[in-house]
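Colleague: I'm new to this structure and would love a close look at one part of it. Could you walk me through the place where the two domains meet, and then show me how that fits with the rest of the chain?

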Amino acid sequence: MFANDTLDIVARGLLLAVAALAWVVLLVRVNGLRSLSKMTSFDFVMTIALGSLVAGASQADSWSGFAQPLVAMAGLFVAQWSAARLRRISPAIENVIQNEPVLLMRDGEILRGALDRTRVAESDLFAKLREANVSDMSQVRAVVLETTGDVSVLHGETTSERLLEGVEQQR
């Protein structure tokens, strides 16, 4: 009896996990690659929620327990698609949904107030500079904490001001 239960648990877990992942792949194909791009905080939250739903689907012990997370996944994709469309057509909705990126460093100068406001440690900033192959802080034109939590490092001789449009810039 124990062997049959174990076999059933393993087979069900594998089958449901593969089916849930195939469903996610289908949804991404229909909705487009941007679905999991992490371009906005909304996208980031969607990715986390999607992972949780895949886990729930793969642990289902009934067909309704499996179908409900699949429907919820489709709902997430519809919500993300709708939010992306609304953001494109309405600056007001863009402002409600999206955080503003924050400038952490400008022209080799660390903006300590921005580090404090965003709770970014100087050691984390230096780690991101090293990750971006910065060898001279005077060559850093800007460091931006993006809306997704990623850090962008712009370094070199010059930086187009257009790249910093919409970035919160307090000295």
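Modeller: Happy to! Between domain 1 and domain 2, the count of residue pairs in polar contact, with both residues at pLDDT 80 or more, is zero. Please keep in mind as we go that this is a predicted model. Salt bridges between domain 1 and domain 2 also come to zero. On the side of domain 1 that touches domain 2, the residues divide by class into one nonpolar, two polar and one charged.

Let me step back and show you where these domains are. The domain assignment places domain 1 at residues 5–96 and domain 2 at residues 99–163. Four residues from domain 1 and four residues from domain 2 take part in the contact. Measuring from centre to centre would be a separate matter: the C-alpha centres of the two domains are 32 Å apart.

How much area is buried between domain 1 and domain 2? The figure is about 340 Å², and carbon and sulfur atoms give 41% of it. On the domain 1 side, Lys38, Met39 and Ser41 are the residues to look for, as they supply 81% of the area that domain 1 buries against domain 2, more than any other three residues.

Now for the wider chain. Salt bridges do turn up elsewhere, with seven found in a search of the whole structure. One of them joins Arg106 to Glu161, where the closest N and O atoms are 2.4 Å apart. This pair links distant parts of the chain, 55 residues apart: Arg106 sits in strand E1 (residues 102–106), while Glu161 belongs to the segment after strand E4 (151–155).

Glu168 is also found in the segment after E4. Leaving aside residues up to four places away in sequence, Glu168 touches Glu100, Pro101, Val102, Leu103 and Arg117. From Glu168 to Val144, the C-alpha to C-alpha distance is 9.0 Å, with their positions 24 residues apart in sequence.

Two annotations help to place all this. In an unreviewed entry, UniProt lists residues 12–30 as "transmembrane region". That span is 100% helix and 0% strand in the model, with its end C-alpha atoms 27 Å apart. The unreviewed entry in UniProt also gives "domain: YetF C-terminal" for residues 92–158. Here the span is 34% helix and 27% strand, and the end C-alpha atoms lie 32 Å apart.

Methods:
Residues are numbered from 1 along each chain as its sequence is written. This is a predicted model: local features need pLDDT of at least 70, side-chain atom pairs count only at pLDDT 80 or more; totals for chains, interfaces and linings use all residues. Side-chain values use heavy atoms; hydrogens and water are left out. Domain bounds come from an automatic or database domain assignment. Contact means heavy atoms within 4.5 Å. Buried area is the accessible area (1.4 Å probe) that two parts lose on being put together, summed over both. A salt bridge is a side-chain nitrogen of Lys or Arg within 4 Å of a carboxyl oxygen of Asp or Glu. A polar contact is a pair of N or O atoms within 3.5 Å; within protein, one must be able to donate a hydrogen and the other to accept it, and residues adjacent in sequence count only if both atoms are side-chain atoms. Ala, Val, Leu, Ile, Met, Phe, Trp, Tyr, Cys and Pro count as nonpolar, Asp, Glu, Lys and Arg as charged, and the others, Gly among them, as polar. UniProt positions are given in the numbering used here, feature names are shortened, and annotations may be inferred rather than shown by experiment. Helices (H or I, at least four residues) and strands (E, at least two) are DSSP runs, numbered from the N terminus.
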